Amino acid sequence: MTQHLADRTQPPSGDPVGVPRPAPAVADSAPGHQPQWWRDAVIYQVYPRSFADGNGDGMGDLAGIRRRLPYLANLGVDAVWLSPFYASPQADAGYDVADYRAIDPMFGDLHDADALIRDAHELGLRIIVDLVPNHSSDRHEWFQRALREGPESPARDRYHFRPGRGEGGEEPPNDWESIFGGPAWTRTRNPDGTPGEWYLHLFAPEQPDLNWDNQAVHDEFRSLLRFWLDMGVDGFRIDVAHGLVKAAGLPDMGRSGQLKLLGTQVLPFFDQDGVHEIYRSWRRILEEYPGERIGVAEAWTPNENRTALYVRPDELHQAFNFHYLNASWDAAELRRVIDTSLESMRPVGAPTTWVLSNHDVVRHLTRLGGSLRRARAATLLMLALPGSAYIYQGEELGLPEVTELPDEVRQDPAFFRRGAGSPGGVDSSDGQEGLRDGCRVPIPWTPGGSSYGFGENDSWLPQPAGWGEMSVARQTGDPTSTLELYRSALVLRRDLDALGAGDGVEWLPAPEGVLAFRRRGADGGALVCVSNTRAEPVTVPDELTGRGEVLLASDGHPGGGTIAGDTTVWWAA
């Protein structure tokens, strides 16, 4: 199944393909380049299915992304993170990988990936790709071989196969629960048709967990890193980075409702200390390549200090800050999370990351109460914080969560495993809510058309009426639009030395419900950010802002010390 670039002798750019390439031009010679670019990078997440459809089949693809790269460069982001595009049966939207060295035909092929990477580099954009090391697809060659060869086959040691408990092995080997609901084990059939062993899948049954106690798994993923680094990618976002190593003996949890424990304590299947040696070995590979290639951990941990372990100097470069993403629009809570996030990263010398939305959570406009005004204020606060920021496609348009998708169009496996169609709908008591499709609806590019410019025909998930009014074309050039707010903020973030990288903020006295801090640049410049999380206006003293110039406000600000409700303002100080 693995594709090969050698089938074509010249790509569109005229450079040889299939040849390991040095660091992209952006890594060393881009205007204003600074070492350790990831410390203040703004990284834009593209969910390939829903960004742009290049061939009119209703599904987003690499050709569509490539065509829209100039938009991302104009937006002002530094890098693009691509969710999985690998060959996959699509049981979980590509997070069930059948071949890590091939592109799924729905997205294109390796030539399309090669062209996309080259074009991005020419525009000054870096490319980060998703890597899925916790599990493969059940269609992966390794897993199919393990099924064919049966119990005690060496092929089975690459996964977690175990005999069942109880009479005849009819009960799962332990009491672990799937993140998508139900048991984390599925029973196999032996080659002769008799009931066989069980295999572990912390997610869908189509996603068997790999066994990282097996040396072949380590060797394969080190080879995969080099394959994609040779293709020219600038880094990897590591899916379920906290899940690779399981506690010895796979001990019982001893209770149900295990999903509620995620992010509250170390679990026998998540955040085991053994994962860190894996990332040390990966860091050594990344450092073999020029151009500052990076690794980013998706790590759900009990606290910020546990997250910091993933980004020690000899491990990965960044880790997602889910503690910030989960914070409510409350000044006291936000300040606590900001402080603890910065404090936890300071000892390991890693940048803090900030994120409000992604492909797995309700879009932050809806999550924070459905107010566009509040969503804009939250964004401007996030972009003023020291470190790296992530933007999820469509949030720059102010897109809300699509909450009224009919059951028959949903594709999230969690939705179906949680009892869709049963009385009362989906039971979300012990699994993901099954509503991830709502943040994955294809984004609008134009006011009209069958899919609002996403492609030439309808889109794979239906877009709501009025989607076109929030389109890129409608918002471009409108100084009051959310898109132009993002563009303006990213220009300032790049131009002002007081924004971007750093490891702390100077908190300023402020009324209840208001966050105010100062950031200072090495050039002597300073910026004051004030966020009013209350619904009503507040007045802050002139001394707080230094009577400086208003650089940007999330909504109209006439000047002076009165700040409207749900508004963030940046002042030069």
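Hi everyone. A strand, as I'll use the word, is a DSSP run of E with at least two residues, and strands are numbered from the N terminus. Keep in mind that we are looking at a predicted model.

Let's start with N190, which sits in the loop connecting β7 (185-189) and β8 (195-200). Is N190 buried or exposed? Buried means under 20% relative accessible area, and N190 comes in at 17%, so it counts as buried. What does N190 touch, leaving aside residues up to four places away in sequence? The list is P151, P195, G196 and E197. There is also a polar partner: a polar atom of the N190 side chain lies 3.2 Å from the backbone oxygen of P195.

Now the strands on either side of that loop. β7 and β8 run antiparallel and are joined by four bridges. One pairing to look up on your screen is T186, whose bridge partner in β8 is Y199. Together the two strands make a hairpin with five residues between them, and in the turn G193 has a positive phi of about 95°.

β8 turns up again when we move to helix α5, residues 141-149. Here W142, F143 and A146 are buried. Because they cover an arc of only 95° around the axis, these residues fall on the same side of α5. Their cover includes β8, along with β6 (161-162) and α6 (215-231). On the face turned away from that buried side, you'll find E141 and R148, both exposed. Just past the end of α5 comes another glycine to note, G150, with a positive phi of about 80°.

That's my tour, thanks for listening!

Note on methods: Residues numbered from 1 in each chain as written. Predicted model: local features only at pLDDT ≥ 70, side-chain atom pairs only at ≥ 80, totals over all residues. Heavy atoms only, no water. Buried < 20%, exposed > 50% of the residue type's maximum accessible area, 1.4 Å probe, protein only. Polar contact = N/O pair within 3.5 Å; in protein donor to acceptor, adjacent residues only side chain to side chain. Contact = heavy atoms within 4.5 Å. Pairing = 2+ DSSP bridges. Arc of directions from axis to C-beta.
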